[in-house]
Amino acid sequence: MSSALPSYEEAAALVAAYAVQLAAFRPAVERVDAGRAPGRVLARPLSADRDQPPFTRSTRDGFACRALEASAHMRLNLVGATRAGGVPAGPLPPGSAWEVMTGAPVPPGADAVVMLEHVEVANAQVRLLPSRTIAEGENIVAKGAQARKGDEMLSAGTVIQSAQLALAAACGHAALEVFARPRVAILTTGDELVPVKCAPAPGQIRNSNGPMLAAMVAAAGGEPWVLPTAADNAKALDTALAQAADADFLLITGGVSAGKFDLVEPALARAGASFHFTGVRIQPGKPTVFGEMPHNANSAGSAATKARGAERPLPFFGLPGNPVSSAVTFLLFAAPVLAALAGSREPGPRFALARLAPSANRHGKPGLTRFLPAFCNFSSPAGQPPEVALVPWHGSGDIVALARSNCFLVVPDAAHSLKPGAIVRILLP
Ligand code: AMP
Ligand code: MG
C-alpha cells in the first residue's frame, strides 16, 4: 500500500505546481504604514521617486579631483569644501581639488575622490602620496547609478524586510501597498486535548499544535484563525469543517492516521473535498493529506477570498497530530501553499548544506525521506561550513527535542547511513 504513496520529491513537486496555479488568484490589496509592513508582501512594484543616488556622491571623506591629475601627483589647489547635506558652489576648476565628506555631493568636473588618508595637505594644496594612483570613478557613485527616477526597484511579490523598508524610505514611501494576508484556519482535533489554560485530567494533554501552528502561520505571512479543538466524532468534525470553510486556507492536525478514531479524511470527503495526496513517504509526517474543498456558499469570506472570486477552492492540509510531524509537514508542504496565497514569490521550503557533527551517524529508512530534529551551529569558525548535530529524541511526539532544535536533518531515502563529517541537507524553519 505504502509504495503507492508519493515520495517526498513527488509530493513537493505536486505542491509546487499547485502553488503556481494559485498565483493566478490575486489577493486583495491594502495600504499599510511602512512601519507595519515587515513580513508583508509587496502588491505593487516599488518605484524610484528620484534618481538613486539623487546626486553624484562621495563614498569617502577626502578630496574630489580629476583622477588623471591626481595620479600624476600634481599639487592640486584646494578650492572648496562640501559636507553631507551641502551643495558644491560650482564646478571643479582644472588643477584643483575639493574637500568632501562621505555622502556629500561631488562638484561637477570631478571624476574621483582621493581618500583623506592617501594625500598630503600643505599650503592649501593636496597631493596624492607618491606610492598611490587613483582611477576614474573611484570612491564616487554617479547620480542614478543604482536606479533612475521611475524605475521599478522591487517587483510585486517581494517580501518586505528591513532592507526593503530602507529602500522604501529612501524613495519617499511612508506607506506601502501590500497583499491582504490569507486567513488560515487552524483546526486541532483529538478527544485528549485541553487548552493551555485548563488543568489536564488523567490521560489528557494540552493542545500544543494550536499555538505552534499559529506562530508558524504568522511567520509565513498568514493571519492565524485558531478554531476550538474538535472532538473525535463525525458530528464535531462536520461542524468544525463547516465553520472553517470561511477561511482562505485550512490546517487540520490529528486524526489522519489509520486509527479507529482517525475520522478527519471521511469528514473532509463529506465536506466535498478532493484529495491530491493522502500520505507521503516521509518520516515523520507520513499520513499527511493535501486537498481542496469548496468555500462556504454563503460565506462572506475574508477580503483576500472575495478578491479571488467565489470559484477559488479552499486548499487544506491534514497534518499528523504529533507535534514534530505537524511542524515538519507545515514547513515542507503547507508553507509553500501559504506563500502562494499571500502573493509571495519566495515559496520555500528553505534548505541549506551543513557538515554532520563527528558524533552524529544516522541510518536511513528504506523508502522514506526523514526529517530529524537537529541543531545547526551557524557560527562555525571562518572557512568551515555550519555543523549540524541531531537532537536526541523520543519520536515524533517529542516536543522537548523539537524546541531544542533549530532545523531538521534531511536523511535521503536512498542513503543507508550518513557518516560523520558528511555534507548534508538541513531543512530551515
Ligand atoms: P493523531 O494524529 O490524532 O493520531 O495524533 C498523534 C499524536 O499526536 C497523539 O499522541 C496525540 O495525542 C498527539 N496530538 C494530536 N493533536 C495534538 C495537539 N494539538 N497538540 C499536541 N499533541 C497532539
Ligand atoms: Mg487523534
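**View 1. Proline 53 sits in the loop that links β2 (46–47) to β3 (57–58).** This is a predicted model, and the thing to look for here is the bond just before the ring. Going from glutamine 52 to proline 53, the peptide bond is cis, and omega comes out near -10 degrees.

**View 2. A cis bond also turns up at proline 349.** Here the partner is glycine 348, and omega is near 0 degrees. Proline 349 belongs to the loop between α8 and β22 (351–356).

**View 3. Histidine 73 has a positive phi without being a glycine.** The value is near 60 degrees. To find histidine 73, follow the chain out of α2 (67–71) and into the loop before β5 (76–82).

**View 4. Alanine 124 is a non-glycine residue with positive phi too.** Phi of alanine 124 is near 55 degrees. The loop in question runs between β8 (119–122) and β9 (125–128).

**View 5. The chain splits into three pieces: domain 1 (8–28 + 181–348), domain 2 (57–141) and domain 3 (351–428).** Domain 1 is made of two separate stretches of sequence. Take the C-alpha centres of domain 1 and domain 2, and you get a separation of 62 Å.

**View 6. The largest nonpolar core holds 39 residues.** Those with the most contacts inside this core are Phe249, Phe317, Phe330, Phe333, Val337, Phe371 and Phe408. At least two residues apiece come from α1 (8–22), β13 (183–188), α4 (209–219), β17 (249–253), β21 (314–319), α8 (323–341) and β26 (407–411). Helix α8 gives the largest share, 13 residues. Because domain 1 and domain 3 both chip in residues, the core lies between them.

**View 7. Here is phenylalanine 330 with its contacts.** Skip the neighbours within four places in sequence, and phenylalanine 330 touches Leu213, Met216, Val217, Ala220, Leu251, Leu319, Ala335, Pro336 and Leu338. Apart from the core of View 6 there is another one, with 22 residues, including Leu227, Leu268, Ala273 and Leu314.

**View 8. The model has 1 cavity of 30 Å³ or more.** The space inside this largest cavity is about 50 Å³. Lining the cavity are Gly39, Arg40, Val41, Phe179, Ala180, Arg181, Pro182, Gly221 and Ala342. By residue type, the lining breaks down into 5 nonpolar, 2 polar and 2 charged.

Note on methods. Residues numbered from 1 in each chain as written. Chains lettered and ligands numbered in written order. Predicted model: local features only at pLDDT ≥ 70, side-chain atom pairs only at ≥ 80, totals over all residues. Heavy atoms only, no water. Domains from an automatic or database assignment. 1 Å grid on protein atoms, 1.4 Å probe; cavity = no way out; pocket = protein on both sides within 12 Å on 5 of 7 lines; lining within 4 Å. Points joined across faces, edges and corners; volume = space filled by probe spheres on them. Nonpolar A, V, L, I, M, F, W, Y, C, P; charged D, E, K, R; others polar. Core = buried A, V, L, I, M, F, W, Y, C linked by side-chain atoms within 4.5 Å. Buried < 20%, exposed > 50% of the residue type's maximum accessible area, 1.4 Å probe, protein only. Helix = DSSP H or I, 4+ residues; strand = E, 2+ residues; numbered from the N terminus. Contact = heavy atoms within 4.5 Å.
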